[in-house]
Amino acid sequence: MTAPHAPPACIALAGPTASGKSAASLAIAARWPVEIISVDSALVYRGMDIGTAKPTAAELAAVPHHLIDIRDPLQAYSAAEFVADARRLMDDIRGRGRMPLLVGGTMLYFKALMEGLDDMPRADAAVRAELDLQARERGWPAMHAELAHVDPATAARLAPNDAQRIQRALEVHRVSGRPISSFQRSDRGHVNPVPTGALISLEPDERRWLHERIAQRFDAMLAAGLIDEVRRLRARGDLNPDLPSMRCVGYRQVWEALDQAGTNDLSPADLRRLRDQGIFATRQLAKRQITWLRSMPDRVIVPCDAADALPRVMNRVCRLMEGTA
């Protein structure tokens with residue numbers, strides 16, 4: 001029998017979209033004194049509830065959640081800001097005698113927290129405007145090809161239409177002359193706040209299971225009013241499809257569908273096309289998330305499509321909390 005030792009400084013629960021992270025985190029919170037830190041680049045935005053699968057008011061009231069609804073959709077939120085916020089929150093939560101539980105699927109945030117980031121150049125409005133103009137003329141796949149020449153490591157993990165991240169990578173290179181991948185550091189005096197074995201990763205054995213979940217969830221979002229949510233965001237008048245918030249999966253596809261229709265009303269054919277595009281984009285997101293996860297060797301994998309996935313997660317958390325993992 002393993003001798004008990006101190007519990008880890010935090011526990012992390014990662015996984016692709018629709019893998020069951022939220023349900024597992026709420027089950028953990030119902031049993032142990034934890035506070036949840038969201039590791040999700042979309043949940044930071046206010047007024048974006050349906051398409052982000054944001055926790056309900058009852059769920060938010062049941063357990064403290066952090067880094068949700070902290071930005072207006074007009075604002076950006078960087079990985080460096082996340083790291084600073086998460087580290088401060090972890091200290092605060094531990095100071096209250098509770099366990100920080102990091103939950104989400106934005107793998108760049110996890111990597112930045114676990115491996116650290118050097119000081120990257122700040123956003124440059126002029127360079128971004130130039131990149132947007134070039135993208136409109138050439139298309140994002142062509143911009144992705146340009147990125148492959150100057151930063152092949154980053155280009156290899158980005159989809160050709162991942163406009164937000166392609167733009168940022170090209171912006172960093174043009175401003176600094178360095179690839180964005182060179183700003184990530186693995187060991188320069190950095191202390192990883194997520195100890196070995198404390199990262200639980202929900203990953204499917206069968207991709208088909210995840211694809212079915214993605215389709216069901218996107219259908220549920222459409223039924224819950226995702227299109228109306230995007231209509232309200234468009235009606236503000238100060239948002240545009242090039243903002244990081246509006247590039248989030250689901251929102252981007254609805255925005256484009258409304259643009260193409262030229263009206264706030266979508267025909268049955270428009271809706272079918274939107275559904276197909278939204279599900280496809282979400283599958284591509286999940287694929288990229290799984291690729292990121294596979295680069296994290298210290299994670300403990302729990303098959304999210306297993307019948308006993310939740311008990312396995314709970315058992316792992318129990319061992320971590322008791323210091324026997």
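This is a short tour of the structure, stop by stop, with something to select at each one. Keep in mind that you are looking at a predicted model.

**Stop 1: strand β5**

Start by selecting residues 199-203, which form strand β5. How many of the five residues are buried? Five of the five are, so to speak, under cover: the strand is mostly covered. Turn the view to look at each face of β5. On one side you will find L199, S201 and E203, and on the other I200 and L202, all buried.

**Stop 2: the neighbours of β5**

Now add residues 11-14, strand β1, which pairs with β5 in the parallel sense over three bridges. To see one pairing up close, pick A12 and find its bridge partner in β5, L199. Next, add residues 300-303. This is strand β6, and its pairing with β5 is also parallel, over four bridges. Here, select L202 and look across to V302 in β6, which stands opposite.

**Stop 3: the annotated loop**

Follow the chain on from β1 and select T17, A18, S19, G20, K21 and S22. An unreviewed UniProt entry gives these positions the feature "binding site". Two of these residues are worth a closer look.

- T17 sits in the loop between β1 and α1, the helix of residues 21-31. Is T17 buried or exposed? T17 counts as buried because its relative accessibility is 9%, under the 20% cut-off. Show its surroundings and, leaving aside residues up to four places away in sequence, you will find contacts with L210, I214, R217, T282, L285, A286 and Q289.
- G20 is placed in the loop between β1 and α1 as well. With a relative accessibility of 22%, G20 counts as partly exposed. Beyond residues up to four places away in sequence, G20 touches L202 and R213; L202 is the β5 residue that stands opposite V302.

**Stop 4: E35 in strand β2**

Move on to E35, which you will find in strand β2. E35 is buried, with a relative accessible area of 4%. Which side chain makes a polar contact with that of E35? Select R96: the two side chains are joined by a polar contact of 2.8 Å. Outside the residues up to four places away in sequence, the contacts of E35 include P64, H66, I93 and M99, along with R96.

**Stop 5: K54 in the next loop**

From β2 (34-39), go along the loop that leads to α2 (57-62) and stop at K54. K54 is buried too, at a relative accessible area of 10%. Zoom in on its side chain: one of its polar atoms lies 2.7 Å from the backbone oxygen of Y45. Among the other residues that K54 touches are L43, R46, D49, I68 and D69.

**Stop 6: the nonpolar cores**

To finish, select F82, L102, F110, L113, V194, L199 and L226. These have the most contacts inside the largest nonpolar core, which has 57 residues. Elements that give two or more residues to this core include β1, β2, α4 (107-115) and α12 (268-294). Which element gives the most? That is α3, with seven residues. Centre the view on F82 and look for its contacts, including S38, V39, L67, L102 and L113. Apart from this core lies another, of 23 residues; to find it, select L101, M314, C318 and L320, which are among its members.

Terms used
Residues are numbered from 1 along each chain as its sequence is written. This is a predicted model: local features need pLDDT of at least 70, side-chain atom pairs count only at pLDDT 80 or more; totals for chains, interfaces and linings use all residues. Side-chain values use heavy atoms; hydrogens and water are left out. Buried means under 20% relative accessible area, exposed over 50%, partly exposed in between (1.4 Å probe, protein chains only). Two strands pair if DSSP finds at least two bridges between them. UniProt positions are given in the numbering used here, feature names are shortened, and annotations may be inferred rather than shown by experiment. Contact means heavy atoms within 4.5 Å. A polar contact is a pair of N or O atoms within 3.5 Å; within protein, one must be able to donate a hydrogen and the other to accept it, and residues adjacent in sequence count only if both atoms are side-chain atoms. A nonpolar core is a set of buried Ala, Val, Leu, Ile, Met, Phe, Trp, Tyr and Cys residues joined through side-chain atoms within 4.5 Å.
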